[in-house]
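Colleague: I'd like to go through the wording people use for this one and ask what stands behind it. Can we take it term by term?

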Amino acid sequence: MSISFETIEQTLSLWMRQACAAVFPGADLAALPLNVVATTDASFGDYQCNAAMSVAKLLKMKPRDVAQAIVDRAGCPVGVERIEIAGPGFLNFHLSADWLARRLEAVQTDARLGVPAAGQGKTVILDYSSPNVAKPMHIGHIRSTVIGNALDRLHRFLGWRVLADNHLGDWGTQFGLLMLGFRTFADPTAYEASPIEELERVYVASYNRSKEDENWKNAARAELVKLQQGDAENRELWRSFIEHSLREFERIYQRLNVKFDLVRGESFYNDKLPGVIVMLQENGLAEESDGALIIKLEAEKLTPCIVRKSDGGYNYATTDIATVLNRAEEFKPDAVIYVTDERQQLHFKQFFTVCRKLGVTTRLEHIWFGLMRLPEGTFSTREGNVIKLDRLLDEAESRALALVQQSSPDMPPAQQREVARCVGLGAVKYADLSQNPQSLVTFTWDKALALDGNSAPYLQYAYARIASVQDKYRERFPVGDPLAQPIQLADPLERALAVKLLRFPDIVLRAAANFRPNQLADYLFDLAQTYSTFYQNVPFLKAEAGVRESRVRLCDITAKTLRCGLNLLGIETPDRI
RNA sequence: GCUCCCGUAGCUCAACUGGACAGAGCAUGGGAUUUCUAAUCCCAAGGUCGCAGGUUCGAGUCCUGCCGGGAGCGCCA
């Protein structure tokens with residue numbers, strides 16, 4: 001069953017706006033921030049509002065007088081026991097325990113846990129992961145993939161129609177070097193055994209030679225031109241590179257539980273590029289410069305955007321413009337979101353600006369994240385110092401397995417491996433999702449594979465403990481039915497847990513709106529900590545009947561929230577750990 | 001030279017986009033288990049939020065300058 005809820009912040013904020021309008025008729029409050037938000041500290045109540053300060057400024061009154069007027073004349077919204085005025089004019093809302101309990105009861109039987117379907121009827125295209133063909137996926141790809149996938153899951157859960165598109169790098173100058181290298185250096189046996197590894201080796205060899213051999217460089221360029229002109233043999237080779245790469249990528253995506261709705265590489269748009277140029281010219285945007293076709297963006301204080309090279313070839317920008325035009329026409333999305341690393345910020349600014357000039361009104365967002373680097377500096381395929389994604393995941397699973405074997409020696413080995421898989425993968429994903437995407441990341445094994453503290457295993461452990469409590473309850477009280485008993489919030493630890501649980505919908509909305517999965521991760525960790533304190537200090541199975549059922553219900557809602565939240569981050573929750 | 005990010009406890013990171021005495025984890029020291037999974041919990045210690053000004057009732061958050069780190073800046077993607 002699914003009930004349509006307004007979130008608590010939405011309800012209280014709306015009430016506040018109406019209250020201010022009623023108490024101060026005639027004042028133009030439309031532009032003022034009157035939002036009610038969760039408090040940072042329980043001593044300030046459950047929710048707080050700073051409206052009095054902004055209203056006071058507008059009306060040239062004292063903030064405390066404004067706050068007092070609101071409290072005196074507007075009363076309290078439903079569910080709020082009292083509103084206190086604190087400090088310079090903060091309004092602190094204290095929710096009634098009874099209202100919290102009734103609300104939790106409704107959430108418990110709601111399939112969406114009270115999260116509104118805010119994206120209903122809207123479409124978003126998510127462009128993420130997008131690895132380059134013929135190169136192995138390495139730890140640098142994990143951020144785009146994991147963050148993009150979390151945004152995918154968040155939006156889908158909120159009711160958006162999501163089209164996840166893997167915009168593969170399957171076209172471009174690297175193919176000249178790759179083809180020439182392949183014909184010269186490739187070892188058929190190695191290629192058969194491990195195509196991507198061999199392609200990578202071949203590419204690096206070819207690239208290195210091009211740096212010192214001008215003829216080699218020219219020959220590579222000739223191969224590229226042949227490919228672009230549709231030469232059958234090069235075309236076939238190119239196709240086989242893509243095929244092998246996709247098979248390899250697919251294996252890793254399955255491992256990460258990542259699914260795409262569309263896999264349209266850059267080459268998909270090849271035949272649309274001349275049309276884009278014509279369009280740019282017709283709009284008077286493009287001009288010749290040193291043989292290339294460029295779009296000047298001086299008014300926007302951006303460097304020019306090159307849309308056709310002097311040799312007649314097209315650029316990244318041209319493909320991206322064609323892609324947006326195509327997406328807008330075919331899918332009519334409300335938004336197109338790109339998840340890439342920080343180095344592409346300028347490119348996206350230029351390209352979005354050009355799209356606007358072409359009359360594209362679709363919301364375009366570039367969600368960039370800090371480049372992953374090694375303690376000794378950046379890494380690249382060419383340098384050969386990459387850490388493959390497979391190796392990272394293998395290492396994660398084997399570290400987790402050691403831990404599982406140690407703490408659950410009686411578990412059957414097959415189950416130990418399955419738990420280790422969930423825990424190891426969860427740890428890797430969580431390491432990326434729990435911090436601000438834009439922060440700079442230096443890769444270290446211990447950080448990426450942390451299994452304690454603020455980590456996925458901590459959350460998974462909390463979840464597994466609840467599953468165990470529920471089993472024990474059924475064992476000892478086979479005729480008991482928690483849902484038949486009301487939730488009671490007498491103990492402060494129960495109340496604290498209840499308040500935290502009911503924040504979930506607002507957190508999910510915010511994490512999606514800000515494109516910041518770490519805000520959800522933060523919340524889940526906080527929730528798990530609150531639960532662990534509750535678990536440690538409040539008995540449930542030994543509590544008297546009634547209280548016992550109420551607490552088991554709190555456990556159940558916590559489990560559902562953890563599972564739902566972790567699932568939104570792409571992290572699994574085994575029942576045993 | 002110009003543009004964009006970042007600088008918070010010994011270490012790794014938060015801080016709901018301008019709100020209350022800046023919070024966690026790790027590491028350190030102390031404590032809790034005959035009882036629901038100790039991969040846990042409780043307590044302690046740890047800070048001039050890079051520096052200097054400014055705006056504001058209020059600044060880690062906004063503005064200016066400087067210092068330090070990263071990234072980008074016409075035919076790569």
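Modeller: Sure, here are the terms with the values behind them; bear in mind that the model is predicted.

Colleague: How do you know what the confidence of chain A is?

Modeller: From pLDDT, which runs from 0 to 100. The mean for chain A is 93, and 99% of its residues reach 70 or more. Strand β12 (residues 372-373) has the lowest confidence, at a mean of 82, while strand β6 (residues 161-165) has the highest, at 98.

Colleague: What makes a residue count as near RNA strand B?

Modeller: A heavy atom within 4 Å of the strand. On that basis 68 residues surround RNA strand B, and T40, N92, K309, D522 and K542 are the closest. On the RNA side, sugar and phosphate make up 61% of the strand's atoms that come within 4 Å of the protein.

Colleague: Why is the K309 pair with a phosphate oxygen of RNA strand B called a polar contact?

Modeller: The cut-off is 3.5 Å between N or O atoms. A polar side-chain atom of K309 sits 3.4 Å from that phosphate oxygen, so the pair qualifies.

Colleague: And what makes the base contacts of S407 and V538 count?

Modeller: The cut-off is again 3.5 Å. For S407, a side-chain N or O atom is 3.4 Å from a base nitrogen of RNA strand B, so that passes. V538 uses a backbone N or O atom, 2.9 Å from a base nitrogen, and therefore passes too.

Colleague: What is the make-up of the surface near RNA strand B by class?

Modeller: There are 26 nonpolar, 24 polar and 18 charged residues.

Colleague: Which domains does chain A get?

Modeller: The domain assignment gives domain 1 (8-95) and domain 2 (431-568). Their contact takes eight residues from domain 1 and six residues from domain 2.

Terms used:
Residues numbered from 1 in each chain as written. Chains lettered and ligands numbered in written order. Predicted model: local features only at pLDDT ≥ 70, side-chain atom pairs only at ≥ 80, totals over all residues. Heavy atoms only, no water. pLDDT = per-residue confidence, 0-100. Helix = DSSP H or I, 4+ residues; strand = E, 2+ residues; numbered from the N terminus. Polar contact = N/O pair within 3.5 Å; in protein donor to acceptor, adjacent residues only side chain to side chain. Nonpolar A, V, L, I, M, F, W, Y, C, P; charged D, E, K, R; others polar. Domains from an automatic or database assignment. Contact = heavy atoms within 4.5 Å.
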